[in-house]
Amino acid sequence: MNYLMEGENKIELMKIELSKNKDFNVEDTFRLFEKDGRGFLDEEDVKYGLGVLGVYPSEYNLKLFMKRYDLQKKGFLSYADFYDIVVPFERMYRDDIENRIPKTKCNEIILSREINNSLNKLFKALIDLENRVNIERKLLDNNSTVVEIIFNIFDNTNQGNFSFTHF
């Protein structure tokens, strides 16, 4: 559990560092992935965009990534889904990024080496973390005793539930 929380924190810090680069904007990055201007990213688009960034996940890990970030469960990533993948959750950074104007209006998207490297590291970390989460999920599914023990730690009233405060 600690590993997963540390991973999430590490990813958020990576997003913050990326957002500090004034050349970074989400629209250009989204367009790097979006091959045909449909306004969403299917699995092939994500595979293509990751390849441009030098990230080559296995088919299994690509499917895990899509499953995790396809928040509307429609089989593709919307711009809003993608935005949450690459932008920190802290409001200050989100506001700063929202005010940025895309740099390119042509069909070819060219990212600076620094942004490309930052995105490469971010997507590798996201894919690695999702793979680890899936492994942990399988371990918990296969060992219901562990889940019961964890649940009982928080259910200190022995009523079969616990509140957010207890958690």
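## A guided tour of the chain

Residues 24 or more positions apart account for 65% of the contacts in the chain with a separation of 6 or more. The model on display is predicted, and the tour begins with the chain as a whole.

**Stop 1: the whole chain.** Display the full chain and colour it by secondary structure. The chain contains 8 helices and 2 strands. Followed from the N terminus, the elements are arranged α-α-β-α-α-β-α-α-α-α. Next, switch on the molecular surface. The accessible surface of the chain amounts to about 10,500 Å², and carbon and sulfur atoms contribute 54% of this area. Of the 167 residues, 38% count as buried.

**Stop 2: helix α6.** Select residues 91-98, which form helix α6. Which residues of this helix are buried? They are Y93, R94 and I97. Turn the view until it looks down the axis of α6: the buried residues fall within an arc of 100°, so they line one face of the helix. Now add α1 (2-20), α2 (26-33) and α5 (79-86) to the selection, since the buried residues of α6 pack against these three helices.

**Stop 3: S19.** Remain in this region and select S19, which belongs to helix α1. Is S19 buried or exposed? With a relative accessibility of 2%, S19 counts as buried. Setting aside residues up to four places away in sequence, S19 touches F24, P88, Y93, D96, I97 and R100. Two of these names, Y93 and I97, were met at the previous stop among the buried residues of α6.

**Stop 4: Y69.** Proceed to Y69, a residue of helix α4. Its relative accessibility is 11%, and Y69 therefore counts as buried, the limit being under 20%. Show the neighbours of Y69 as sticks: apart from residues up to four places away in sequence, Y69 touches L77, D81, I85 and L126. Then select F82 as well. Y69 and F82 are 13 residues apart along the chain, and a distance of 7.9 Å separates their C-alpha atoms.

**Stop 5: the cavity.** Keep Y69 selected and add E8, R68, L126, L129 and E130; together with Y69, these residues line the largest cavity. Two elements, α4 (59-69) and α7 (113-142), each give two or more residues to this lining. Which element supplies the largest share? Helix α7 does, with 3 residues. Colouring the lining by residue class shows 3 nonpolar and 3 charged residues, with no polar ones. The space inside the largest cavity is about 30 Å³, and the structure holds 1 cavity of 30 Å³ or more. L126 links this stop with the one before, being a lining residue of the cavity and a contact of Y69.

**Stop 6: K73.** Finally, select K73, which is located in the loop between α4 and β2 (77-78). Is K73 buried or exposed? K73 has a relative accessible area of 59%, and it is therefore exposed, the limit being over 50%. The backbone also merits inspection here. Most residues other than glycine have a negative phi. The phi of K73, however, is near 55°, a positive value in a residue other than glycine.

Technical notes. Residues are numbered from 1 along each chain as its sequence is written. This is a predicted model: local features need pLDDT of at least 70, side-chain atom pairs count only at pLDDT 80 or more; totals for chains, interfaces and linings use all residues. Side-chain values use heavy atoms; hydrogens and water are left out. On a 1 Å grid over the protein atoms alone, a cavity is a set of points where a 1.4 Å probe fits but cannot get out, and a pocket is an open set with protein on both sides within 12 Å along at least five of seven lines; lining residues have an atom within 4 Å of a point. Grid points are joined across faces, edges and corners, and a volume is the space filled by probe spheres set on the points. Helices (H or I, at least four residues) and strands (E, at least two) are DSSP runs, numbered from the N terminus. Ala, Val, Leu, Ile, Met, Phe, Trp, Tyr, Cys and Pro count as nonpolar, Asp, Glu, Lys and Arg as charged, and the others, Gly among them, as polar. Buried means under 20% relative accessible area, exposed over 50%, partly exposed in between (1.4 Å probe, protein chains only). The arc is that of the directions from the helix axis to the C-beta atoms. Contact means heavy atoms within 4.5 Å. Accessible areas come from the Shrake-Rupley method with a 1.4 Å probe; for residues, only the protein chains shown count as cover.
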